[in-house]
Amino acid sequence: MIGTIMHVVEKVEKHRALYEGNEEAVKQHLIGEIFSTLGWDWSNPHEVRPEYRTEEGRADYALILDGKVVAYVEAKNLGVDVFKKTKPLHQLGKYCFSQGVSYGILTNGVQWVVIKAFEEGTPIEERVLFRVNLEGESPTKSALKLSLLSKDNIVNLGTLGSYLKSLEESFKGLRKAGFSEEVLIEYLKSVTSPPREFWRGITRLKNVKSHTRRPKSLYVYEGFWRRLDFEGESWRGAFRAVVRYLLENREIEPQERRELETVFKYMDKLGIDSSKAFLLLKEVEDYFGLDIGVEF
């Protein structure tokens, strides 16, 4: 995404006059490239439909997932300041409201405004989830915000946008209160990283190279090390305990759940010995994004 942003900005710098007067060039050269990087098949009518008819007029694009419109995109040429012009934003809101579509995206290729279409008693200006300015902020910051519009993330756009806004407001508030940027960043890292200094007896599974040592205790990290009961101080027992933990505590796709239940039930028939259980445990950790620790 960062590479795409830099490429788009470079094209704008070289051909600004073209994009300031030609909306179609903005759509094809700038907007299309960004959405393609975000995982949308820009030429596939099952995902992207141009000139989409609504009761309030035609939206430039409709983004579609599983046959349902999830967002409308309204494009302007680069000569239109979409941060200041309120008429296009209100028109976009009407498109969304008339069709019951949750999100709207207004852009001139460089400036992006993303709105939540519905919130009772709230004017549309207050329903802005975030703004992006490819020429006025770092590519890293722009890439993070635009990534919320990816095909994988857009169904959770409202939640993710709220998280991002809360993070920015909290960070600004704490900086204003006198906390240093370095301290705050280190704090955020500690929230998502297992503590090391207080758990010197726990070895992360990623660092265990062989199944020859028998695990005596087993943990899964959930902001703290949660201990899991398991049988026999063996890798087979550890593997069963982690599978049971996943089945009882994680939202898992139906097919994955069936596979885990089969493995859990038929470990003996499948011939899963200590060596194979150790390897499977590492695969499960990686696949489900777990952080597993053991004590020997």
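## Close-up views of a predicted model

**View 1. Asp66, an exposed loop residue with a positive phi.** Asp66 has a relative accessibility of 84% and therefore counts as exposed, the cut-off for that class being over 50%. In this predicted model, the residue belongs to the loop that runs between β2 (57-65) and β3 (68-75). Its backbone is also notable, since Asp66 has a positive phi of about 50° although it is not a glycine. Most residues other than glycine have a negative phi.

**View 2. Glu51, a strand residue with a positive phi.** Glu51, which is not a glycine either, has a positive phi of about 50°. The residue is part of strand β1, which spans residues 48-54. With a relative accessibility of 40%, Glu51 counts as partly exposed, because this value falls between the limits of 20% and 50%.

**View 3. The largest nonpolar core and the surroundings of Leu63.** The largest nonpolar core holds 39 residues, and within it Phe35, Leu63, Trp112 and Leu134 touch the most other members. Helix α3 (residues 23-37) gives the most to this core, contributing six residues. Apart from this core lies another one of 27 residues, including Val208, Ala241, Val284 and Ile292. In soluble globular proteins, nonpolar side chains tend to be buried together. When residues up to four places away in sequence are not counted, the contacts of Leu63 include Phe35, Trp40, Trp42, Val48, Val69, Val70, Ala71, Val73, Ile105 and Ile154. Glu47 and Lys68 are also among the residues that Leu63 touches.

**View 4. Aromatic pairs and an aromatic cluster.** Nine aromatic pairs are found in the structure. In one of them, the ring centres of Tyr221 and Trp225 lie 5.1 Å apart with the ring planes at 70°, so this pair is edge-to-face. Tyr221 and Trp225 are both buried. The rings of Trp235 and Phe278 also form an edge-to-face pair, because their planes stand at 65°, and their centres are 4.9 Å apart. Since Trp235 lies in helix α8 (residues 235-249) and Phe278 in helix α10, this pair ties together parts that are 43 residues apart in sequence. Trp235 and Phe278 are buried as well. One aromatic cluster is formed by Phe35, Trp42, Tyr61 and Trp112, of which Phe35 and Trp112 are also among the residues with the most contacts to other members of the largest nonpolar core.

**View 5. The largest pocket and its lining.** The largest pocket contains about 530 Å³ of space. Its lining consists of 18 residues, and those nearest the pocket centre are Lys141, Leu144, Lys145, Leu164 and Glu168. At least two lining residues come from each of β6 (128-133), α5 (139-146) and α6 (157-176), and the largest share, eight residues, is supplied by α6. Sorted by class, the lining comprises eight nonpolar, three polar and seven charged residues.

**View 6. Ser142, a buried residue of helix α5.** Ser142 is found in helix α5, one of the elements that each supply at least two residues to the lining of the largest pocket. Its relative accessible area is 0%, so Ser142 is buried, the limit for that class being under 20%. Leaving aside residues up to four places away in sequence, Ser142 touches Ile5, Val132, Asn133, Leu134 and Glu137. Of these contacts, Leu134 is also one of the residues that touch the most other members of the largest nonpolar core.

**View 7. The second largest pocket.** About 230 Å³ of space lies in the second largest pocket. Helices α9 (254-265) and α10 (274-287) each contribute at least two residues to its lining. By class, the lining has eight nonpolar and three charged residues, with no polar ones. The charged residues in this lining are Glu256, Glu259 and Glu283, while its other members include Phe239, Leu260, Val263, Ile272, Leu280, Val284, Tyr287 and Phe288. Val284, which lines this pocket, is also among the members of the core of 27 residues.

**View 8. The largest cavity.** A search of the whole structure finds one cavity of 30 Å³ or more, and the volume of the largest cavity is about 40 Å³. The residues lining this cavity are Phe230, Glu231, Gly237, Arg240, Ala241 and Arg244, which divide by class into two nonpolar, one polar and three charged. Ala241, part of this lining, also belongs to the core of 27 residues.

Methods:
Residues numbered from 1 in each chain as written. Predicted model: local features only at pLDDT ≥ 70, side-chain atom pairs only at ≥ 80, totals over all residues. Heavy atoms only, no water. 1 Å grid on protein atoms, 1.4 Å probe; cavity = no way out; pocket = protein on both sides within 12 Å on 5 of 7 lines; lining within 4 Å. Points joined across faces, edges and corners; volume = space filled by probe spheres on them. Helix = DSSP H or I, 4+ residues; strand = E, 2+ residues; numbered from the N terminus. Core = buried A, V, L, I, M, F, W, Y, C linked by side-chain atoms within 4.5 Å. Buried < 20%, exposed > 50% of the residue type's maximum accessible area, 1.4 Å probe, protein only. Contact = heavy atoms within 4.5 Å. Phe/Tyr/Trp six-rings, centres within 6.5 Å; stacked < 30°, edge-to-face > 60°.
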